[in-house]
Amino acid sequence: MDENVVPSVFVFAEQVDNQITPVSFELLAKARELAAKLECEVVALLLGDKVENLVQPLFSYGANKVILCEDPALAQYRTEPYTHAISTMIRQYKPQIAIFGATSIGRDLAPRIAGRIHTGLTADCTALDIEDETKRFMMTRPAFGGNLMATIVCPEFQPVMATVRPGVIVKRIPDPNASGEVIRFELDFVENDCYTKILDIIKKEASTKHNIQDAKILVAGGRGMKGPEGFEILQELADVLGGEVASSRAAVDAGWQDKARQVGQTGKTVRPNLYIACGISGAIQHMAGMEESDFIIAINSDSTAPIFNIADVGIVGDVFKIVPKLTEAIRKERA
Amino acid sequence: MNIVVCIKQVPDTKEVRIDPVKGTLIRQGVPSIMNPDDKAALEAALRLKEQFGAKVIALSMGPLQAELVLREAFAMGADEGYLVSDGKFGGADTWATSSTLAAAISKLDYDLILAGRQAIDGDTAQVGPEIAEHLGVPHISYAEEIKVEGREVIVKRQFEDRYQILKAKMPVLVTALSELNQPRYMTPGGIFDAWRNKEIGRWSRDDIPVDDGNIGLKGSPTKVVQTYPKTMKQPGTKIETDVDESVQYIVEKLKEKYIL
């Protein structure tokens, strides 16, 4: 082995507009656990243009080292320059493991890198561990639309790569005094035909940007809300509770709610303190995204709805009658 | 313009059930369908064909029964269809699948490759970008709109909080979201034509210029060590009473949990 090579776990520290994506801090927490079992260090990869101010938070959340690559070509995410930079880092530092958030950036970038490096990549993992005896890296992910869980290994190639679902790992409590080595990584970016050109960036409206993964309380609606108007009473309930409105896939597909609020296999994984499911029957794909919530209340007129199988409190009844009265009762309690 | 569309036959995962005794997947009676994101990719290809004139070539990999999705592609309007099928390709992970498909595509004359973002039986979204990498062409994933201007492709690419409008030179691979369009139905004439007048090109191991080390189970860096049914948490209490009592019950529970 190259004497400059120190065993490591690489974590892609995704940043957008000079903000670290929350899943990156979650990855650092998991990487520390893995690194402890492998007796190696956690290296965060920070790419962008003028992003040095983001180095300290990475140490605070668990990185031992940060490889910092700054270049105007990296200002906005594009597949090729990011792939080029990280593939070069991987070839130079030969990490054992490289993990990425399963965001729309991570899920674009990681396969391109895995293709270039020739290694295995497991998508959307919900659990990662090191097997005690063999030290194999065990990656667990849902398969068949969340009907089945699969544990996957990659015995003959390194680094073993994985993307990890946001919201499944608990972040560490940040240590503002933590510090470590910063490695500046210089690289040439030659714009060849694999480079795409960004013509424009259109931000989605602020109203659709509420992050349901950060909310402590979610009031979610499904097909049973019958239309966008149905979600208004859910918004009122969410407002008195200080929570956010979430949605099942059915309500998103029907155009009643924005995709950003979708919980489930093809939406987001959430684990709030309280999840109130209203008019949601409980498709397995939906439950895969919310069953880890601390406390689940389900309100549905169909007493056989599968959602009742995982609800802590199941209320069989009409959401349109119960929810407004519940909002009123909570408002009185809070007054 | 030649457009290659990668389509996969998948079990309709909405219909998949778990055997409650054995804890295994019940595949029997589960319908096979064209993967929804792939169908959006095919629809996008057919619209570009209508707009500019193009040859639409559908490509699939899988067991022989996957011919059905190629027939469906013909019935929707695809011009040619190829099925990559051989036991030696079986058990492939995304790396081996993309190596095989990239080698198959390299036999074709292509300007644009379209694929679905991800398949509903795996949900990985990895095969598209990995094919592009093997072919050395750019890719744009998560496409919500696709436009062609001369030899360039302009794509509205979805992110969590924004869109990028991206431009790339052909040849390029684009992965489509099902939000991209509403795929057309097969026409009776199209169905007749698909079964009577169109031939599916069948490619087996020896037809694909790819190394043995990069195909099938052996060429797959990742291995599945175990699968198990998801354990669901135990249900709590379910009550069925009038509205006021229901509301009262919820409020009490929220107080117990210190939420109120």
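## Two contacts to work through: domain to domain, chain to chain

Domain 1 and domain 2 of chain A bury about 820 Å² between them, with 40% of it on carbon and sulfur atoms. Keep in mind that this is a predicted model.

**Exercise 1.** Work out which residues of domain 1 of chain A lose the most area to domain 2 of chain A.

*Solution.* Start with the residues that lose the most: A:Gly145, A:Arg165 and A:Gly167 together account for 48% of what the domain 1 side buries. Next, place the domains along the chain: domain 1 covers 8–184 and domain 2 covers 206–334. Their C-alpha centres lie 32 Å apart. Finally, count who touches whom: 10 residues of domain 1 are in contact with 8 residues of domain 2.

**Exercise 2.** Describe the polar side of that domain contact: how many salt bridges and how many residue pairs in polar contact are there between domain 1 and domain 2 of chain A?

*Solution.* Take the salt bridges to begin with: the count is 0. For a pair to qualify, a side-chain nitrogen of Lys or Arg has to sit within 4 Å of a carboxyl oxygen of Asp or Glu. Then look at polar contacts, where 6 residue pairs turn up, both partners at pLDDT 80 or more. The domain 1 side that touches domain 2 divides into 5 nonpolar, 4 polar and 1 charged.

**Exercise 3.** Now do the same for chain A against chain B: how much area is buried, and how many salt bridges are there?

*Solution.* Area goes first: about 7400 Å² is buried between chain A and chain B, and carbon and sulfur atoms give 59% of that. The contact takes 86 residues from chain A and 79 residues from chain B. On to charges: there are 7 salt bridges between the chains. One to pull up on screen joins the side chains of B:Arg162 and A:Asp17, at 2.7 Å from N to O. Polar contacts come to 40 residue pairs, both at pLDDT 80 or more. As for where the chain A side comes from, helix H8 (residues 319–334) supplies the largest share, 8 residues. Sorted by class, that side has 43 nonpolar, 22 polar and 21 charged residues.

**Exercise 4.** Find the strand of chain B that is joined to strand E13 (residues 197–203) of chain A, and say whether the two run parallel or antiparallel.

*Solution.* The partner is strand E11 (residues 162–169) of chain B, and 6 bridges join the two. They run antiparallel. To check the register, click on A:Ile202: standing opposite is B:Tyr163 in E11 of chain B.

Terms used
Residues are numbered from 1 along each chain as its sequence is written. Chains are lettered from A and ligands numbered from 1 in the order in which they are written. This is a predicted model: local features need pLDDT of at least 70, side-chain atom pairs count only at pLDDT 80 or more; totals for chains, interfaces and linings use all residues. Side-chain values use heavy atoms; hydrogens and water are left out. Domain bounds come from an automatic or database domain assignment. Contact means heavy atoms within 4.5 Å. Buried area is the accessible area (1.4 Å probe) that two parts lose on being put together, summed over both. A polar contact is a pair of N or O atoms within 3.5 Å; within protein, one must be able to donate a hydrogen and the other to accept it, and residues adjacent in sequence count only if both atoms are side-chain atoms. Ala, Val, Leu, Ile, Met, Phe, Trp, Tyr, Cys and Pro count as nonpolar, Asp, Glu, Lys and Arg as charged, and the others, Gly among them, as polar. Helices (H or I, at least four residues) and strands (E, at least two) are DSSP runs, numbered from the N terminus. Two strands pair if DSSP finds at least two bridges between them.
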